[in-house]
Amino acid sequence: MLLVAAVAGLGLVATATSAPSASGPSAALPQVVGLRRLTASQYRQSVADIFGRDIKITGRFEPEVRRDGLIAIGSGEAAISTSGMEQYFGMAASIAEQATDAGHRAALAGCKPADPAAADDACATILVQRYGRLLFRRPLSAQQAAQRVALAHRVAEADHDFYSGVREAFTSLLTSPDFLFRIERAASRGPDGTAELDGYSRASRLSYLLWNTTPDETLLQAAETGALMTDAGLRAQLDRMTASPRLADGMGAFFDDMLQLELFSKQTKDPQFYPKYSQLLAAQAREQTVRTLVDQLVTKNGDYRDIFTSRDTFMTRTLAMVYQVPYVARTEWAPYTFEADSGRSGVLTQISFLSLFSHPGRSSPVKRGVALNEIFLCQPTPSPPANVDFSIVNGTSMTQLKTSRAKLEAHATDESCASCHTSVDPPGLALERFDSLGAHRDLENGVPIDVHAEIDGKSFEGAGGLGLLLHDNPRVSSCLVRDLYASATGRSIAAADKPLVNSLTKTFSGGGYRIAALLRTMALNPALYEVRPSPAQATAAPPVKVARLASSKESNR
Amino acid sequence: MKTPRFSRRSLMRGMLGGGTVAMGLPLLDLFLNGHGQALANGAPMPTRFATYFWGLGLTPSRWEPKTVGPNFDAPPQLAFLKDGGLDRKTTVFTGFTVGLDGKPSHPHWTGMAAIMTGQCPAQLNKFDGLPSFDNAIADNIGRGTRFRTLEASSFRSAVTAYSSRGQDSFKMCDDSPLALYTRLYGPGFQDPNAADWKPDPRVMVKKSVLSAVGDQRTALLRDVGVADRARLDQYFTSVRELEQKLDAELRKPEPCESCVVPKAPEERPRKGDVPTVVYNNQVMSQLLAMALACNQTRVVNYLFTTATSEIYRPGDAPVYHSHTHEEPVDAKLGYQPISSELADVSVGGFGTFIKALEAIKEGDGTLLDHALVMGFSDTGWAKIHSIDNIPMMLVGGANGRHKGGQHVKVAAEPVTRVSLTVQQLAGAPVGSFGTGSMATSKPITEIMA
């Protein structure tokens with residue numbers, strides 16, 4: 001092994017590229033059945049866990065791709081463009097630079113070079129294999145390791161510095177597709193072509209779902225020994241991982257994805273209307289929602305449906321200004337419970353949802369309604385029809401209509417518009433007492449805001465009424481189960497998944513809508529680690545969940 | 001990072017000894033010659049190409065010239081073309097349309113996608129995996145520059161451009177003047193007119209790092225299925241393009257008279273109001289024009305805004321997109337006044353862009369004479385999401401190949417004829433373009449010199 005590395009280091013390139021035997025185990029690696037680009041938060045968390053939390057990551061991530069409502073699914077389709085590659089390469093160089101600098105190199109576990117001013121292939125091999133395994137989430141092939149050791153050798157020799165060589169080897173590992181993509185490989189195939197993931201791929205699915213990070217040493221060992229492929233071994237890892245406080249990271253990332261909170265990075269507000277808006281407010285609004293949901297559903301193991309009605313949340317001074325509530329705590333964050341008559345209850349009345357699905361200068365019942373249906377009910381709204389006859393709207397002087405409700409009612413007289421607006425507008429109108437920033441208001445252009453609405457024949461009033469309606473809507477829990485399952489597998493729900501999803505939904509409701517229990521039941525099922533042949537064909541016509549009304553559909557660009 | 005103690009000799013040894021074939025040859029050339037592969041003296045100026053996109057079309061009745069053929073009149077929204085005779089370098093296209101062939105028309109997406117890929121995509125926000133045509137041009141004229149294509153937008157939430165190499169992976173935009181400036185003129189920039197040029201050894205190290213990554217290609221592709229193979233291929237293409245960028249950084253740039261390295265621009269708060277976007281456009285137009293003049297890239301894809309333009313007038317609650325749908329047509333004027341005002345701003349940005357190219361003297365003409373810029377939008381009349389008569393214009397001499405000064409009016413012919421013509425004028429060896437009813441092999445010959 002070391003000899004191979006040294007020879008490659010001397011430049012007999014032909015050895016590595018033309019003789020397949022040199023590639024060693026890679027020839028025997030199982031077939032790739034999935035390729036999921038790391039999300040920005042997974043990348044950050046993985047690097048922090050491998051090289052340390054103080055490593056700074058500066059650069060721009062390739063934009064996330066959202067499909068069928070989730071980035072977790074989109075990442076299974078996402079590629080890496082040239083401009084994205086440029087960024088990943090720059091980030092890799094900066095991370096490797098920090099990880100091998102004078103302050104960090106002592107922490108690099110594995111070995112110390114005999115002479116720090118010279119190449120040391122034995123030591124470099126240990127470091128490359130150790131950190132390569134953590135970054136690739138499986139052991140490096142002999143060829144992969146030899147290439148990096150050879151690189152380290154060349155650079156260390158030229159620069160008279162062992163760690164310069166390690167730095168470049170790490171940069172190369174961090175730029176590799178095996179790091180930037182979660183490469184899922186099959187261990188075996190059933191008669192119908194269904195692939196069973198191998199232990200390492202299984203470890204990654206578990207780790208990114210539950211902790212939003214790369215598998216730790218214990219989990220990698222369970223994959224290596226084969227324990228993870230047994231029921232008992234899987235159960236043991238699940239026990240360990242769901243009991244860990246890190247479950248909050250995994251679920252936090254899941255809710256961030258489900259609620260489309262990454263849209264905050266593109267949000268703008270017109271300061272003439274909303275002088276209180278700032279990047280700090282945006283960041284805290286995002287965190288508030290994640291904190292609230294993690295606290296209620298993970299820390300307190302609460303009933304999922306209560307996220308639509310609970311008045312418990314967390315507050316900061318900046319957020320309190322928009323919520324118009326007093327802030328007396330001395331800490332940056334403090335638990336807070338809204339007053340019963342505050343008009344605030346549930347996640348729909350938080351700044352995150354209200355402000356993300358608004359225009360820069362005014363609220364949008366349509367954007368909110370479309371988002372609500374898509375996010376919490378898994379009911380996407382089709383694109384508006386092309387070449388709509390706007391003559392009816394045209395005939396009305398829209399500028400004379402003071403409220404959004406009045407404008408929408410003018411709209412809804414057109415039949416082709418009405419088919420969607422009847423399901424989209426009512427929840428949006430019920431939230432109209434919150435402006436584009438999420439602050440409370442009673443009037444719009446001097447006219448009192450009417451927040452009565454009706455869905456499926458049920459009348460309700462305002463955000464409180466809407467929250468209760470959602471709390472009791474069975475679609476809400478089945479939608480969550482679908483999203484969690486799709487997050488784990490990285491694929492849209494196909495017809496063949498439905499029996500399992502339905503059975504999980506029953507277990508979820510039977511168990512009092514507790515997420516931790518749902519996760520365990522789901523992750524113990526071997527089906528979660530299977531990949532059916534060509535999922536693109538199995539799902540047939542792709543669902544239209546990406547489609548939103550034109551007003552908000554540009555979310556990815 | 002501390003400066004590495006590489007000597008030219010140690011690098012030579014490193015490369016000759018340990019380099020892969022991929023990194024060996026170009027660098028060897030570099031060192032054996034002692035300078036880069038210069039463009040031959042006296043060679044013609046390179047052709048440059050740019051797309052300039054703005055959202056929400058233009059105002060019917062306010063942009064279509066009344067006269068057809070040469071010496072067209074310039075209606076209000078094209079009045080900027082009369083400045084300095086830009087109209088003589090311009091072709092305006094009207095009457096072109098998009099053939100849906102039974103596919104849905106995704107508002108604000110289908111029209112642009114049809115122009116860029118020749119096909120109406122089945123899904124919103126996708127190109128059905130097809131590459132956009134700017135790549136065919138870039139692969140032909142963009143080789144050897146730092147950036148095969150360069151993407152930017154004056155609108156802060158435009159994250160990706162309408163340019164894809166395939167696999168529905170869209171290229172990232174630099175979305176602020178400072179970000180664009182840093183990418184272009186920050187680390188890795190070689191001033192072509194610097195007196196003391198020498199290759200940066202760190203760039204050579206970067207190259208060997210990438211080589212180690214690229215060498216994994218064969219082993220990895222052996223194990224994957226079709227869909228994942230395409231995505232991995234794209235990854236390795238990106239690695240290769242990055243290697244080529246480093247090659248360009250290692251080559252001694254040809255001195256370039258028209259290249260004047262700009263100063264770092266002022267960064268303004270992130271807003272989508274008209275003054276901010278107009279400022280960004282002004283600065284970015286100059287940065288991009290200079291990037292073309294300084295041979296950093298030959299192909300630019302620029303978005304003034306995304307298709308559903310969300311620019312707004314300060315203090316006016318509805319954004320532009322909302323206005324186009326909600327604002328009534330003024331009976332006296334015959335159009336939507338606010339929407340029209342915002343369309344003026346959008347197409348005015350195009351004027352700023354081409355004037356930035358025209359302002360740079362190059363050889364015996366201007367940069368614009370050696371360039372071809374396609375200005376276009378996503379809709380004809382945004383109010384009804386019309387994909388008929390989407391505004392499209394070509395400006396620039398394309399090194400003498402484009403015969404401007406014309407208004408080309410057709411009756412419902414596919415937009416792909418314009419796309420095909422553009423590719424041929426910009427020097428891409430493309431004989432046909434588009435699928436279904438939009439398949440064409442008929443360029444618009446009357447504008448080809």
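## Helix 3 of chain A and a sheet in chain B

Right after helix 3 of chain A comes Gly52(A), with a positive phi near 120°. Keep in mind that this is a predicted model.

Let's stay with that helix for a moment. Helix 3 of chain A covers residues 40–51, and at 1.5 Å a residue its twelve residues should span 16 Å; the end C-alpha atoms are 16 Å apart, so the two agree. A good part of the helix is tucked away: Gln42(A), Tyr43(A), Gln45(A), Ser46(A), Val47(A), Ile50(A) and Phe51(A) are buried. As a reminder, residues three or four places apart on an α-helix point the same way, because there are 3.6 residues a turn. And what covers those buried residues of helix 3? Other helices of chain A are part of the cover, including the ones below.

| Covering helix (chain A) | Residues |
|---|---|
| Helix 5 | 82–99 |
| Helix 6 | 121–136 |
| Helix 10 | 199–210 |
| Helix 13 | 247–258 |

Zooming out, chain A has 25 helices and ten strands. Of its 557 residues, 53% count as buried. If you take the chain A contacts between residues at least 6 apart in sequence, 71% of them join residues at least 24 apart.

Now over to chain B, where eight strands make an open, mixed sheet in the order 2-12-3-11-10-1-7-4. Strand 2 (69–70) and strand 4 (150–153) of chain B sit at the edges with a single partner strand each, so one side of each has no neighbour in the sheet. Elsewhere in the order, strand 3 (residues 90–97) and strand 11 (residues 392–395) of chain B run antiparallel, joined by four bridges. In strand 11 of chain B, Met393(B) is the bridge partner of Val92(B).

Key:
Residues numbered from 1 in each chain as written. Chains lettered and ligands numbered in written order. Predicted model: local features only at pLDDT ≥ 70, side-chain atom pairs only at ≥ 80, totals over all residues. Pairing = 2+ DSSP bridges. Helix = DSSP H or I, 4+ residues; strand = E, 2+ residues; numbered from the N terminus. Expected span 1.5 Å × (residues − 1). Buried ≥ 20, exposed ≤ 12 C-beta atoms within 10 Å, placed from the backbone. Contact = placed C-beta atoms within 7 Å.
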